[in-house]
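I opened this entry to look up empty space in a model, then one residue of interest. My notes follow.

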Amino acid sequence: LSRDPDEENDGSGDPGWNINSEFNSLKHKRGTLSMARGNNPNSAGSQFFICHTDYPQLDNKYTIFGQVIENIHVVDRIANTPTHYTVAKMSCSYSIPPSENPEDWVNLLDHKTGKNIYSKVPPGISKTEYKRTMMKELRSDQPVLPITIKEIRVLKNNE
């Protein structure tokens, strides 16, 4: 669904078939390519993920089927691409400055930390609309710039 214009449904596609899990002794370390799945271990389909850091909590729970063997910096660039969340968070603070009128600010919830944060409402926008927009942005891990993978080279064993 990432190819349609609706960003809200990205990451929720279903190919209509499943692949059974094939757990092995490989470890989820930086650069590991592994199958994404739902709660059922045999629910993998067409989605995958690349570990940006070592993640041993996933070992023997997700099927590993590849490893980034060169240009790992590309994975770093993807992981460090600003998201709607990170950009929205930059315009927030953990308290309203004492010199500011609290009526010019909205109280938001950072769903990642569970903490209340505040953002100043820009002139010309209603508090309600601004709060709705900011909450949507704070829930979005979509990159603010498009990321396009132009080439992937797959190597067979021993190549």
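**Cavity, pocket, one histidine**

I began with the lining of the largest cavity and sorted it by class: seven residues are nonpolar, three polar and one charged. I noted that the model is predicted.

Which residues make up that lining? I listed I19, N20, S21, F23, M35, A36, R37, P41, A44, Y62 and T63. I then looked up the volume of the largest cavity and wrote down about 40 Å³. I also counted cavities of 30 Å³ or more, and the structure holds one.

Next I turned to the second largest pocket. Its volume came out at about 200 Å³. How many residues of each class line the second largest pocket? I found no nonpolar, three polar and seven charged ones. The residues lining this pocket are E7, E8, D10, H84, K136, E137, R139, S140, D141 and Q142.

Last, I looked up H28. I placed H28 in the segment before β1, the strand that spans 32-35. Is H28 buried or exposed? H28 counts as buried, because its relative accessibility is 2% and the cut-off for buried is under 20%.

What does H28 touch, once neighbours within four places in sequence are set aside? I recorded contacts with S34, F49, C51, T53, D54, Y55, P56, L58, D59, Y62 and I64. Y62 caught my eye in that list of H28 contacts, since I had already entered Y62 in the lining of the largest cavity. S34, another contact of H28, lies within β1 (32-35).

Terms used. Residues numbered from 1 in each chain as written. Predicted model: local features only at pLDDT ≥ 70, side-chain atom pairs only at ≥ 80, totals over all residues. Heavy atoms only, no water. 1 Å grid on protein atoms, 1.4 Å probe; cavity = no way out; pocket = protein on both sides within 12 Å on 5 of 7 lines; lining within 4 Å. Points joined across faces, edges and corners; volume = space filled by probe spheres on them. Nonpolar A, V, L, I, M, F, W, Y, C, P; charged D, E, K, R; others polar. Helix = DSSP H or I, 4+ residues; strand = E, 2+ residues; numbered from the N terminus. Buried < 20%, exposed > 50% of the residue type's maximum accessible area, 1.4 Å probe, protein only. Contact = heavy atoms within 4.5 Å.
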